[in-house]
Each structure stands twice: as structure tokens, then as C-alpha cells.
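The exercises below are meant to be worked through with the sequence and the coordinates open side by side. Please attempt each task before reading its solution.

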Amino acid sequence: MGHAESAALFVRDDARAHWHDQALWFVRQKRDAGARSVPDWEALRERAEAIKAHTQSRLAEYLEEFERNATRMGAVVHWAKDGEEHNRIVHGLLQARGAKLLVKSKSMLTEECRLNPYLEARGIEVVDTDLGERIVQLNHQPPSHIVMPAIHMKREEIGVLFHGTIGTQAGLTDPKALTEAARQHLRQKFLGATAGMTGVNFAIAETGGIVVVTNEGNADMGTSLPPIHIASMGIEKVIPRAEDLGVFLRLLARSATGQPVSSYTSHFHGPRKGSELHVVVVDNGRSALLREAGFRRALACIRCGACLNTCPVYRRSGGYSYTWLIPGPIGSTLAPGRDAVAHASLPFASSLCGSCTDVCPVRIDLHHQLLAWRGEIVARGLLPAGKRWGMRLASWLLRFTWLYALAGKAARLALRVLPPAWTRALSGAWGRQRELPVVPPESFRETYRRTRGQP
Amino acid sequence: MASRDDILGAVRRAQPPATAHPGVAGLGNRFPDLPAKFAEMVAVVGGTCLRVPDLAAADRALRELPVHREAKRIASMVPGVGAATFDPVAVADPHELAGMDLCVLAAELGVAENGAVWLDVRKLPHQALFVIPEHVAVVVQASTLVHDMHQAYAAISHAPGFALFLSGPSKTADIEQALVIGAHGARSCTVLLVGA
């Protein structure tokens, strides 16, 4: 099922679709206020874009520098070509230490690698500790948003879920009480964990450190107690210097939620005393995307989610209508690079309004990339037959003036004489949720000829 | 090692032509009243900022607060501030810190633009001390305040170990975007700004 079909199911519940739209628009407005509070916002965005472009141009060197310095700091660096190798490395580390309970903070990379089911199949309990991620984990769902994983759920549904899974009283819907219940439930998991895992927001080549950002403090709880911390990062997470963080951290939280900075911005340089730090550096298709001159800019993404919150299509279709685990404009540009056949519908899940490009803190030209992907989808013959023939027809129509004029006449006549139900059916997707226009007595061409003579 | 070389080789072949690092000069924000802006932003991020002339005043102010008055297990990493009930150095296993009510911490610097403080956890007997207590209080010297994150990074160094920017208490908005303070870490963050 493509995006349009899944989105149609989502909008069937009109009230819910509006609620979802408004919830995300609220976050977009907070982002605007956050951005406006910084006088050099546009200069920051340009600097972030340039730092990312520079890093891409010397990525191998920076990865080696990071490895060297991280090792010097006492961390162990592992390399994984794909998700399978990543999972094998993580499982190997846990198995060798007899770790049975892993507490994990948010990491879209481990979702991408499908780490949880891999470990669970091998007898390891994995607990996602970000509140939103824990909610969707208990609900047996993937995140529907990269920053707010449970944004699609209502408090009443979370109350029912918690009642059935962690034993809260029936009918509990107050977010404060639900959060408190999750705090108590997860506190026990933190205290019992034998291993902690995090993603990586930034890896600093110059110092060998990794930086992990959360609001809840779950990454910090998960790495302060167990004897091992495993951090997974994509190769694109490395930045050259610690001072670059000044640029990215001023942009990240403001773009994500409008906050001036996240509550916890944790810098790990080597392991905690008496424990181990392992960093798994994962490629899984990223070097292939880096090769694509037209599409590599998407690798600059710092996963703030601003393009999702602003996207009129994401807001009105929900995270699960996308065929890739990262939804919204950034997901729709990344996914076809991995599998153009499976994700052929995603570049079309956009109005090309360009709002995503305007809010992107690292200035990825998202809507241009989506348009370019449409060209690729057409060139590779992956367009659905209806659309392919429709476009071919339109191409003929626009090539001959007489044919275009004739079609206009026919359409005006049809709109005048045929029953509305017929013309709406003939107009395809356009007429499904719209009234067709009242027909003017003459075309623009006819009006022009009548008042100004021959065009 | 095979994967390492394969990945680095693939990246090297894929890299675009070199572009320069633009540097970070010329960016940033300046505030006319640094302590006032810092105090304002601590409140914005959900914390409480108390401005006190010296450590003795910080101690008095803290002891009057419910987070101290109602606390049973208190540790203080700042001599003279707070009535410590135990010394975490004597605690062997950080798991035993669970349930502690208040920890008083010293910050290396404070950032006016976002109310964050830089905590050098390398100096603490346990990494968990900033996140596991029910409440934290942080002592910041006004002389260490900087305007923005660029100034902050220029001032800090990165030796082996753990350090962080802490900005307010632990929070979440994962249930219908409703802001809730006290997700996993401290339920409150009191910042004692000394000397301003």
C-alpha cells in the first residue's frame, strides 16, 4: 500500500486527523518562537550547512580521527556495514557479559537495524526508556514521529494501555499521573539493568567524545548504573570539532520543540570508571547515499523533526502512512535511496510547498530532493500505470494548441450538462473531496480574443 | 577489521570534492544583563534561580526550600551548602543512591541564552549523582556566566570522563504534548547563582 492509500485510511477519522494536525502545528509554532529568539538564526543555519558539507567532503578522515581519539579516551570502536552486523556486534557484547536486561534510550538507528526483535529472539529483554518510545513499545508499534514517538496516541488510549501493561488504575488519563507511573515502572528497569544503550547525536572527531541529548534524562539513568554502555551511530553523525557543537546545539532543540536547549546534553569521553563504553559505527546504506551528488545533502540531517511538524502532508496523514520508519519529508527523501521500488510513493507525499526546506536547521533542500526523486521514480518506470498514462496524455494535450482548446471546450460542456456525480468521478482524485468549479461562459482565450483581438 | 576498511574505503570513494570548514567565528548572542538573562532562562526551562551574594547565603536560601526541608537523604558536593546526611564517597554501589532526595552540585559555568549549567561529573564520586536524586540544587558562580553556547564551548575542555549541560529539571511532553516535569531525572532543579 502506498502513502496515498494509507493516508486515506488515516483521514477517514476526520476529528482525529484534525487533532493530529493541530498537535503538530502547536509544535511548529513553538519552533517559530524558539527560532525568533535567536538573532543570528539564519547565519547559524548557513554555518551548520557548511560544517556538514565540509564534514562530508572529508568524512573518512574524520571517522578515523574519531576512532583514534575515542580509543585514546578508553572507548572501543566497532564497525558495522549493515543492520545485521550491527545487531550481531551488540548481541555479542551483551552475551559475553551475561547481560539479560538492556535499557535503551532513543535511537532511530536501532529501529532501522531492527535490533529489538533480534535481541528479544535471543533471550534479552530490551526496554525502551524514552516515555514515548516505551508507550509505542508496549503498544507493539514503531515510533510514528522521530522526536515524539507516541504523538498519534490520545491520553485515554495511553491510560488503557498502561492499565493493561504496567498495572495503573483503570480510567487514568492525566498526563502527569501517567508519566509518574511510567517513572516508577522504568526506575525499576534502570535499577535492574545489566546494560545500557544509547544513540549518538554527535560524535566529535577532535576529542573522541559522543554527545547524547534527551529531555527526560533517560540516557543518563541508563548509562550511570549498568557496567556497560553501548552507543550506536551512523557514519554521518561525526562532526570535526567540539566547538561545532555550539552551532548545532543552538539549532537542534529550538527546531525540535522550541526549547532553548534540551534538558540533558551529555558528553561521554570514554567509559565511566569501572565500566565499558562501546561505540558501534554503522554504514547501512549511508556511504551509497554519499555517492549520490544530488541526494547526499540529506545525510546532514540532525533528526530534529521540524520538517515533519511543518509538513501539511505529514500533519494530515500521520507517521504510519509512510512506508519507511522515518516519516515526513526527510524520511521520504532518504527512503527511496534505500529501496526505490518499496518507497516509490513517498516522493509524492508532498505538496512541494517548501516549508520543510524553510525550517530545516541544516538547510537540506528537502522539497527539491523530493522533486528530483519523482524524476528518478519516473525514469526507473516505477510510476503507477494510472499516473503514467495520465501524464502521457497531459503531455500530448499540452503539445498541441488546438487539442488543448478542444479539451477545454469539452470540459466546460461536460461540467454544464452532465450530473455533478459524473463529472466528479471523471475528474479523478481532485474531485473526491472538492466541489468542481462553476463553468465560466467562455475561456480566457476567448475573452482575450473578444476584447484585444487575435492573441 | 574487514568491515572497518570496507566502510572507510566506500566513504572515501563517495566523498564530494573538498570544501572548507567555515569556523564558528562571528556567531552568538549578547545580553546587557548577564545574570538577569541567565535567571530568566533558568525559569523558562522549568528551574528556579535564586540570586545570592555568597555561599553562606546560598546555604540559608536552600535550607528554607521544601526540596531541602522535606528531604531525608541529602548529599552535598559543595562544602557549606546544604545539610548533608551522608557522604556518597562512602557509597560503593551507585544503585544504593536510588531514593536519595537531594544532591547539591557545583557547576563550572552557566549559559545565559538557555539557562544551562556545565557539570563536570568527573569530579563526583558517582556519575549518577546529577540524575538519580529526586531533586538537584546547582551552585553557579556569577563570574562564570557566559552569553551563549559558543562562549561555553570555548571555555570547557574535554578530558576523559563524563560531563554535561543540564538545563532545568527532567521533563517530557510525550503524552499529547502536555509538559510534565520529572520524567526520569530530577523533579526540580534549583540554581543558586552566587555573587550577583
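**Exercise 1: Chain A on its own**

Of the 455 residues of chain A, 58% count as buried, where buried means under 20% relative accessible area, exposed over 50% and partly exposed in between, with a 1.4 Å probe and protein chains only. This is a predicted model, in which local features need pLDDT of at least 70 and side-chain atom pairs count only at pLDDT 80 or more, while totals for chains, interfaces and linings use all residues. Residues are numbered from 1 along each chain as its sequence is written, chains are lettered from A in the order in which they are written, and side-chain values use heavy atoms, with hydrogens and water left out.

Task: describe the secondary structure and the extent of chain A.

Solution. Begin with the secondary structure, which comes to 22 helices and 10 strands in chain A; these are DSSP runs, with helices (H or I) of at least four residues and strands (E) of at least two, numbered from the N terminus. Then take the principal axes, along which the C-alpha atoms of chain A fill a box of roughly 90 × 55 × 45 Å.

**Exercise 2: Chain B on its own**

Task: give the secondary structure, extent and burial of chain B.

Solution. Chain B has five helices and 10 strands, and its C-alpha atoms fill a box of roughly 65 × 45 × 40 Å along the principal axes. Turning to burial, 61% of the 196 residues of chain B count as buried.

**Exercise 3: A glycine in a loop**

Task: locate G46(B) and decide whether it is buried, partly exposed or exposed.

Solution. First, G46(B) is placed in the loop between α2 (34-44) and β1 (48-52) of chain B. Next, because its relative accessible area is 36%, G46(B) is partly exposed. Finally, the C-alpha atoms of G46(B) and A183(B) are separated by 13 Å, although these residues are 137 residues apart along the chain.

**Exercise 4: Where the chains meet**

Task: characterise the contact between chain B and chain A, from residues to salt bridges.

Solution. Count the participants: 68 residues from chain B and 95 residues from chain A take part in the contact, which means heavy atoms within 4.5 Å. Then consider area, for the two chains bury about 6,800 Å² between them, 59% of it on carbon and sulfur atoms; buried area is the accessible area (1.4 Å probe) that two parts lose on being put together, summed over both. Last, there are eight salt bridges between chain B and chain A, each a side-chain nitrogen of Lys or Arg within 4 Å of a carboxyl oxygen of Asp or Glu. E180(A) forms a salt bridge with R187(B), where the closest N and O atoms are 2.7 Å apart.

Conventions:
Contact = heavy atoms within 4.5 Å.
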